[in-house]
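Let's take a friendly tour of where a ligand meets its protein. Have a look at the model first, and then we can work through some questions together.

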Amino acid sequence: MKAVEVIGGYPLNGEIKIQGSKNGILPVLAACILQKGVCILHNCPDIRDVRETLAILRELGVKCEMIKHTITIDTTGIQAKAIEKEKTEKMRSSLLFLGALLARFGEGFLGKAGGCNIGKRPIDMHMEAFQKMGILIEEQENAIAAKGRLKGADITLRIPSVGATENIMIAAALAEGVTVIYNAAREPEIIELANFLKKMGAEIYGEGSAAIIISGVKKLHGVEYNIMPDRIVAGTYLLGAVATRGKIRLHQVNHEHLGAVKVILKQMGAVIQEMPDGIYVNGEAAWRTVEKVKTEPYPGFPTDLQSVLLSTLTVAKGESCLYENIFENRYRTVAELRKMGADISVEDNILRIRGVDALYGCEVQGQELRGFAALVIAGLAAEGRTRIENKDYVERGYENIVRDLLGLGAKII
Ligand code: UD1
């Protein structure tokens, strides 16, 4: 079993570049099969979820090649319309291939989607939307078979789901007629997908707002595209600087994507400077708590940084309150932080954190992707040595968390 060992007690100090976005590239990779030809993607993160998605594309008969951070995808030979469970269960985003297969072939077969164990994660909104667009869906025990000719429709989402918004956008790009998504997700990754689809020739309006209009076109074409920076990876290190009272400069960051994170960093006492391509944070005096913070759909504070913020608040001076409003089971890191001496209580979806003078290094178990990163941050802030088991989780989304933190002056074995 792979692990990371952190020697705590050293403030982060230094500067690094931030990788391309995991949640940005995954929908783009699925959308590549909407066209027959070649797409070239730059600034791709070299992470496991990307490699697993390339394996899905290869299963469909697509030629893919990743050299450094550039991926070339040639869909000319695409044949298969089915993706088996062994591949889909590796990640949640495999579900986006259903919209893509339906748009390209009018049918698709997909094994059950996987992903981190952070809650029930139903797919009802994806299915209802496709049904409204004229698709016949057969939900089997561990798979979905879908068939039909996609027609534009008015779709109102019960929750502004990122995945459902993306799946509908991908399907609607080649559907007959106009699709309107109401209560659509507004995350930067939605704008990223819209930009990519539009570059391929799609007609999309309103992305980034709560209503997205997609006017289906007959054909899309190959493009060259640059993937946006990863705002969650950037947020992880910014919070790490605050947790260790350090000073860091991150390059290749879009600080506009970090609005809610910047608010929290400032509340804690950090000094922030925005740069054209990045961000600087000085966390030397950032010891204050935040009275109340809620995870919310964008532009609110991201659920993907909830556990990392939790680690940071365990060593702030005073009591903080963190509400998890997106996923109902995203508290598995709490027990591990308690082993390190953190004082956290959980009641329903509310985490109450009473800051302690010090965390103490010990052996902890990573429980999911972001939770692992949170434990690494806690280890940096702790006294002594922390061993975090289950490194596999973090490799799904962080290209090389050890390299990055070493670049920021951390002591990691
Ligand atoms: C995406 C991100 C993930 C992030 C999440 C919320 C990717 C690859 N993953 O996940 O990192 O944590 O957004 O920002 O981009 N829901 C339903 N029915 C549905 C779909 C969703 O009830 O059909 C619920 C979910 O259970 C959850 C909420 O809606 O409570 C938001 O989920 P959603 O935005 O869909 O998350 P993902 O797209 O899976």
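**The ligand and its pocket**

In this predicted model, a polar side-chain atom of N23 is 3.0 Å from an oxygen atom of the ligand.

Q: Which residue places a backbone N or O atom 2.8 Å from an oxygen atom of the ligand?
A: Side chains make contacts of this kind too: an N or O atom in the side chain of R121 lies 3.1 Å from a ligand oxygen atom. The backbone atom at 2.8 Å from a ligand oxygen belongs to M125.

Q: How much of the ligand's accessible area does the protein cover?
A: On its own, the ligand has 740 Å² of accessible area. The share of this that the protein covers is 87%.

Q: Which element gives the largest share of the shell around the ligand?
A: Two elements give two or more residues to this shell, namely α5 (124–132) and α6 (162–173). The largest share is 3 residues, and it comes from α5.

Q: In which pocket does the ligand sit, and what is the volume there?
A: The ligand sits in the largest pocket. Among the residues closest to the centre of this pocket are R121 and V162, and V162 is also one of those that come nearest to the ligand. The space in the largest pocket is about 1,100 Å³.

Q: Which element gives the most residues to the lining of the largest pocket?
A: The elements that give two or more residues to this lining include α8 (231–243) and α12 (369–381). With 4 residues, the one that gives the most is α1.

Methods:
Residues are numbered from 1 along each chain as its sequence is written. This is a predicted model: local features need pLDDT of at least 70, side-chain atom pairs count only at pLDDT 80 or more; totals for chains, interfaces and linings use all residues. Side-chain values use heavy atoms; hydrogens and water are left out. A residue is near a molecule or strand if one of its heavy atoms lies within 4 Å of it. A polar contact is a pair of N or O atoms within 3.5 Å; within protein, one must be able to donate a hydrogen and the other to accept it, and residues adjacent in sequence count only if both atoms are side-chain atoms. Accessible areas come from the Shrake-Rupley method with a 1.4 Å probe; for residues, only the protein chains shown count as cover. On a 1 Å grid over the protein atoms alone, a cavity is a set of points where a 1.4 Å probe fits but cannot get out, and a pocket is an open set with protein on both sides within 12 Å along at least five of seven lines; lining residues have an atom within 4 Å of a point. A molecule sits in a cavity or pocket if more than half of its atoms lie within 2 Å of its grid points. Grid points are joined across faces, edges and corners, and a volume is the space filled by probe spheres set on the points.
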